[in-house]
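The exercises below ask the reader to work through a few helices and residues in turn. Each task is followed by a solution that proceeds step by step.

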Amino acid sequence: METLIQLKKVSKVYEGAGMSGAPKVTALRDIDLEIARGEFMAIAGPSGSGKSTLLNLIGTLDTPTSGEIFFEGRRVSSLSENELSDFRLHSLGFVFQAYNLIPVLTAVENVEYALTLQGVPRQERRARALEALHWVGLDDNAHRRPDLLSGGQQQRVAVARAIVHRPALVLADEPTANLDSKTAKTLLDLMLELNEKHQITFLFSSHDPRVLETARRILQIRDGALVKETAA
Amino acid sequence: MLRLAWRNIWRNLRRSVITVASLACGLAAIMFGQSLIKTIQRQLIEKATGVITGHLQIQDARVKEYKFPEKLIDDPAAVEKRLSAIPGIAAFCPRIKLTGIVSSKHDSLGVLLIGVDSALDQRVTTMHTYTSQGKYLSGKPREIFIGSLLADLLKVKVGDDVVVMAQAADGSMGADRFKLVGLYHTGSGTFDGQLAYVDLKSFQEMLAMDGKANDVVIRLKEPDNQPTERAAITAALAGLPVQVLGWGDVDHELVGIQTYQNAILNIMLLIVFTIVALGILNTLLMSMFERIREFGVLKAIGAKPGWILRLIILEACLIGTVGAVFGLGLGCAMIKHYGRVGLELPLGEAIGYFIPFDSILYLKFNWGMHLRALSAVLVVCILSGLPPALRAARLKPAEGLRHL
């Protein structure tokens, strides 16, 4: 299978905060990892193990202290701020634990925002945003603001926002942590369906057994190092 | 972006309303202050130029003390002939202004004597409109018109004779008897107690200055065109040994008052602008700190630092625009109201000691200044938006997302 992401000896060290005298924290150490296009995989591990840090580095939301990250063979760890923004805008989608929708925008406006940033014409982006909401089963709530939606509905809007621009990779950080079992299952089934139908690669960070049951490949991380890999 | 910015500013309704209200009140206060100061200045200029200074004056080229010209114009007739051909001039009047003495049976007082052609003077100045008893100079020989305060001090009444003395052209003391035909009352202690108007021809005879004048005072059709008209008159009088002076050259005190008032206005503007700037800065900073996580999300989605910067600046501009619209409305309403009913200020008596001045001010718009204030408010808004905008733009997405 075609390699989508490659990490070579990636480490992340958080410097101690000046006056407080806090010590350096090594969040990740010498991570080597390859993710193929179309995978549906999870990074598992206890809290503080480095799951979110790894996801942030792959998502270029943070920069590694050492090592290199390649996306489709292109080294992304050395891109400028604006190049990274462009990269995220076109190639990545994010789903966060706390949904992180823009509260002043309606569901459809939230979903179409990436398309707005891409400069897609108004009518086209609205049509694509409504289509994405249709995929996640939220046609009837397109014009509601997030505060009028349930947690599960908000997370589905977040998924629609993550996939509306057809990214190569969706990074989902603890996407089911705030959801009940039924809603979590529905959401995971939905993401699996999107993975299969549209060949979108999904990478989760989670310690939720429901996510780990659904994932086809699981990487176990502990104290900032990959310790085990299991395949479904 | 506009939609997001607009909704963002109304996210915390109470805070935004307070900011917009303070901005609107600030702008309205600035407009009101500008209008008030400029109305006072306009009235001062109108009164000063209308009563004595005129819009422009012609004096001998050698004169150094413009308020009390010490030299006579050699050939006033030649000056008058050339002035007659200039279309921008409404009227002009040759005068002799000299310090002298007016004596009654009871007292003698030093005054500024102004010899005028009554018919011409009435077209140039408004002195005749202040007549309180008797009448203004009629053009008959040896008539005098003095202020009510001077009459009280000299203990004279209309119809009485007074003796006028001043230094003649040959250095001797000229003196003559004049009939008091009328009194004026301007409310200004200086004008009512220290000025006396006499018939020009009689005054010239008394001083052996036949046909002479030491200034020719001019009223323009359009006072605002003073610089253009001054240039035209200077060109028309080329070759004659005279100089063309504006009211500002002659009346330094008036220019001083204006400078002082402008300084007060500028200090007031600075204070108001600082308050407005701090208000907006506070609102935008609070709004930014509340939304750090959101900026992290926007950056994660793909918003560039410049885009975040523009978003916050746009929010600042929108707050500024809404505040400016309300401020403009409030300022216009206040100026319009006090332009109609008038604003009574005790200021009139204070300034009135030097120049006749009405205590009721009818405010007028000064759109040039108002638009400058409006632009300044918007610039202040943009500048206030810069610190939070730069901070948000520099934020790392992961830092933003970690923010609780």
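**Exercise 1.** In this predicted model, compare the span expected for helix H5 (residues 122-135) of chain A with the distance between its end C-alpha atoms, and determine which residues of H5(A) are buried and how they are arranged about its axis.

*Solution.* Begin with the length: at 1.5 Å a residue, the 14 residues of H5(A) should span 20 Å, and because the end C-alpha atoms are 20 Å apart, the expectation and the model agree. Next, take the burial, for which the cut-off is a relative accessible area under 20%: Arg125(A), Ala129(A), Ala132(A), Leu133(A) and Trp135(A) are the buried residues of H5(A). Viewed down the helix axis, these buried residues fall within an arc of 155 degrees, so they line one face of H5(A). An α-helix has 3.6 residues a turn, so residues three or four places apart point the same way. The other side of H5(A) carries Gln123(A) and His134(A), which are exposed. Then identify the packing partners: the buried residues of H5(A) pack against helices H3 (107-111), H4 (113-118), H6 (151-163) and H7 (181-198) of chain A. Finally, look past the end of the helix, where H5(A) is followed by Gly137(A), a residue with a positive phi near 75 degrees.

**Exercise 2.** Describe how helix H2 (residues 13-53) and helix H14 (residues 367-394) of chain B cross, and name the residues that make the contact.

*Solution.* The two axes come within 10 Å and cross at roughly 150 degrees. Since angles over 145 degrees count as roughly antiparallel, H2(B) is therefore roughly antiparallel to H14(B). The crossing of H2(B) and H14(B) is right-handed. On the H2(B) side the contact is made by Leu23(B), Leu27(B), Ile30(B), Met31(B), Gln34(B), Ser35(B) and Lys38(B), and on the H14(B) side by Met369(B), His370(B), Ala373(B), Leu374(B), Val377(B) and Cys381(B).

**Exercise 3.** Locate Leu395(B), decide whether Leu395(B) is buried or exposed, and list its contacts beyond its sequence neighbours.

*Solution.* Leu395(B) sits in the loop between H14 and helix H15 (397-402) of chain B. Its relative accessibility is 13%, so Leu395(B) counts as buried. Along the chain, Leu395(B) and Pro305(B) are 90 residues apart, yet their C-alpha atoms are separated by 8.2 Å. Leaving aside neighbours within four places in sequence, Leu395(B) is in contact with Ile292(B), Phe295(B), Gly296(B), Lys299(B) and Gly400(B), and also with Glu81(A).

Technical notes: Residues are numbered from 1 along each chain as its sequence is written. Chains are lettered from A and ligands numbered from 1 in the order in which they are written. This is a predicted model: local features need pLDDT of at least 70, side-chain atom pairs count only at pLDDT 80 or more; totals for chains, interfaces and linings use all residues. Side-chain values use heavy atoms; hydrogens and water are left out. Helices (H or I, at least four residues) and strands (E, at least two) are DSSP runs, numbered from the N terminus. The expected span of a helix is 1.5 Å times one less than its number of residues. Buried means under 20% relative accessible area, exposed over 50%, partly exposed in between (1.4 Å probe, protein chains only). The arc is that of the directions from the helix axis to the C-beta atoms. Contact means heavy atoms within 4.5 Å. Axes are lines fitted to C-alpha atoms, for helices over the stretch in contact, and angles run from 0 to 180 degrees between N-to-C directions. Angles under 35 degrees count as roughly parallel, over 145 as roughly antiparallel, 65 to 115 as roughly perpendicular and the rest as oblique. A crossing is left-handed if the near helix is turned anticlockwise from the far one by less than a right angle, and right-handed if clockwise.
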